[in-house]
Protein chains: 2
Amino acid sequence: MLAYLNGEYLPLEDAKLHVSDLAIQRGYGIFDFFRVSEGVPLYLEDYLNRFYRSAETMGLEDVIARPALKDIVTQLIRRNGVPEAGMKLILTGGYSPDAYHPVKGNFLVSQHNLVLPAAAQMNEGISVITHPYRREIPEVKTINYIMGVWLLKKMHDAHASDVLYHRDGLVSEFPRCNFFLVTRQGTLVTPANHILHGITRMRVLEIASEFCPVEVRDLRLEEVYDAAEAFLTSTTKSILPIVKVDDRPVGAGKPGPVTNALRDLLRQRERAEYQKPQLA
Amino acid sequence: MLAYLNGEYLPLEDAKLHVSDLAIQRGYGIFDFFRVSEGVPLYLEDYLNRFYRSAETMGLEDVIARPALKDIVTQLIRRNGVPEAGMKLILTGGYSPDAYHPVKGNFLVSQHNLVLPAAAQMNEGISVITHPYRREIPEVKTINYIMGVWLLKKMHDAHASDVLYHRDGLVSEFPRCNFFLVTRQGTLVTPANHILHGITRMRVLEIASEFCPVEVRDLRLEEVYDAAEAFLTSTTKSILPIVKVDDRPVGAGKPGPVTNALRDLLRQRERAEYQKPQLA
């Protein structure tokens with residue numbers, strides 16, 4: 001698979017960074033990730049908006065211009081010939097002479113085979129646990145997953161598929177996904193604050209607003225235990241039902257009707273998306 | 001300068017990692033850093049103890065054995081011929097096939113010229129600001145400095161030299177240094193919890209215990225504003241006086257007598273250290 005690194009197209013296996021890069025020295029960098037479906041980068045403008053916002057918030061300057069970035073995406077899709085894929089952008093703090101102050105970043109674009117959730121997870125839902133934590137600059141897609149990766153063992157030991165962060169009584173997000181629940185009264189609720197603003201989350205909010213009452217607000221952990229339905233959203237996972245939280249069943253302990261309906265609507269929305277030209 | 005990477009000695013400028021490394025993908029890795037003085041790695045066993053503890057806590061397995069690591073340190077000191085230097089160990093999450101689960105880590109040892117604090121900072125002390133934050137797994141020396149690096153601009157704008165973290169009313173540490181204060185009653189206090197256990201901090205506690213009353217406990221932010229003296233400790237900075245916190249003078253607004261006395265005692269202790277053989 002061909003990748004792009006600092007102005008050069010090269011085989012992904014040859015893409016290397018010197019150890020003075022600030023990602024290696026200080027975990028300092030941002031990234032983004034979007035899907036390519038039928039050769040079309042889905043919701044590309046939304047992902048690029050977020051990517052440039054992340055770069056700006058983190059003080060990463062001299063970032064590649066948007067038209068050039070879009071051209072790289074087009075080139076990689078065309079030259080790799082993998083119409084169903086994930087595309088990852090990484091921008092690091094660069095080769096910092098003092099291993100602390102960011103300089104002009106190293107910029108990588110790489111395409112990857114998609115690993116989608118197993119059919120059983122989609123159809124039967126997943127179990128999750130909770131953990132007290134809040135990402136440090138949650139609105140930015142930094143590369144810092146120290147906590148998420150560290151919690152893999154705890155998740156595995158609990159036979160859980162993901163871990164929902166909460167702090168000061170409020171739930172926020174999963175390491176790589178957003179959280180939604182449906183109350184017993186049928187209202188869709190998702191946390192407003194201390195989260196990464198997922199593109200799939202945004203799509204679900206757009207779709208749901210014509211389907212059921214929606215609230216975007218602070219959400220207490222107790223409300224999760226009392227929910228009728230729950231699900232997570234992400235670029236690769238789309239909508240994935242949650243049927244157990246901390247060993248307590250969510251609602252009836254199986255994927256609920258609102259969750260399933262929203263998933264179908266989301267699929268329809270996506271299909272419409274990649275049938276229109278994106279990079280005109 | 002020669003470095004060591006995964007079994008090989010090579011010029012530092014040739015030390016590269018493939019972009020699939022978990023430090024680049026997820027900011028996942030640990031490190032440690034010690035000083036070499038007169039060709040002797042100072043307090044090496046303490047730093048190695050911490051390095052192996054960090055690796056274990058973060059679930060990094062298959063780590064290089066201690067005798068082999070000590071041999072690399074000796075080799076680099078001998079072959080580089082730089083008797084006054086810093087030595088950095090970095091162990092990453094490795095080339096993770098799914099860019100999330102840690103595998104056998106990449107291990108780097110690199111030697112660097114020391115950048116010591118300016119004489120003016122040592123003699124006149126520094127200004128610091130405070131910021132609400134607590135590192136996620138504070139007892140581990142992870143590579144995650146997203147917050148510390150991000151705060152450089154805020155520090156710079158405030159004409160400050162460092163930033164003291166606090167949360168829930170308790171101060172903890174600086175991004176790369178520990179914190180001490182001397183109360184108006186002459187007691188030395190340093191935070192007990194939510195910190196990285198610095199080796200220089202440990203040395204200062206050993207030395208101070210024969211010099212003045214010492215308390216290792218939770219420390220409230222208000223106590224900082226009310227302190228008679230304050231200083232930070234780190235491997236490169238040793239003891240550095242703090243004369244201003246959030247624009248309020250600490251005590252008389254100049255380095256205090258306890259701070260200066262401890263600094264002299266610490267220097268004597270170090271001198272004794274590198275006059276005895278370390279890697280016998």
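**A tour of the contact between chains A and B**

Display both chains of this predicted model and begin at the contact between them, to which chain A gives 33 residues and chain B gives 33 residues. Next, select the side of chain A that touches chain B. At least two residues of that side come from each of β3 (16-18), α1 (22-26), β6 (85-92), α5 (146-150) and α6 (152-157) of chain A. Colour this side by class: 20 residues are nonpolar, nine are polar and four are charged.

Now select residues 16-18 of chain B, which form strand β3 of that chain. Which way do this strand and β3(A) run relative to each other, parallel or antiparallel? The two strands are antiparallel, and three bridges join them. To examine one of these places, select His18(A) and find its bridge partner in β3(B), Lys16(B).

Move then to the sheet of chain B. This is an open sheet of six strands, with antiparallel pairing, and its order is β2-β1-β7-β6-β4-β5. Select β2 (8-11) and β5 (40-41) of chain B to find the edge strands, each of which pairs on one side only.

Within this sheet, select residues 2-5 and 107-112 of chain B, which are strands β1 and β7. Three bridges join this antiparallel pair. Select Tyr4(B) as an example: its bridge partner in β7(B) is Val109(B).

Finally, add helix α2 of chain B, residues 44-57. Which strands does helix α2(B) touch as it packs on the sheet? They are β4 (29-37), β5 and β6 (85-92) of chain B. Compare the directions of helix α2(B) and β4(B): the angle between them is about 175°.

Methods: Residues numbered from 1 in each chain as written. Chains lettered and ligands numbered in written order. Predicted model: local features only at pLDDT ≥ 70, side-chain atom pairs only at ≥ 80, totals over all residues. Pairing = 2+ DSSP bridges. Helix = DSSP H or I, 4+ residues; strand = E, 2+ residues; numbered from the N terminus. Contact = placed C-beta atoms within 7 Å. Axes fitted to C-alpha atoms, helices over the stretch in contact; angles between N-to-C directions. Nonpolar A, V, L, I, M, F, W, Y, C, P; charged D, E, K, R; others polar.
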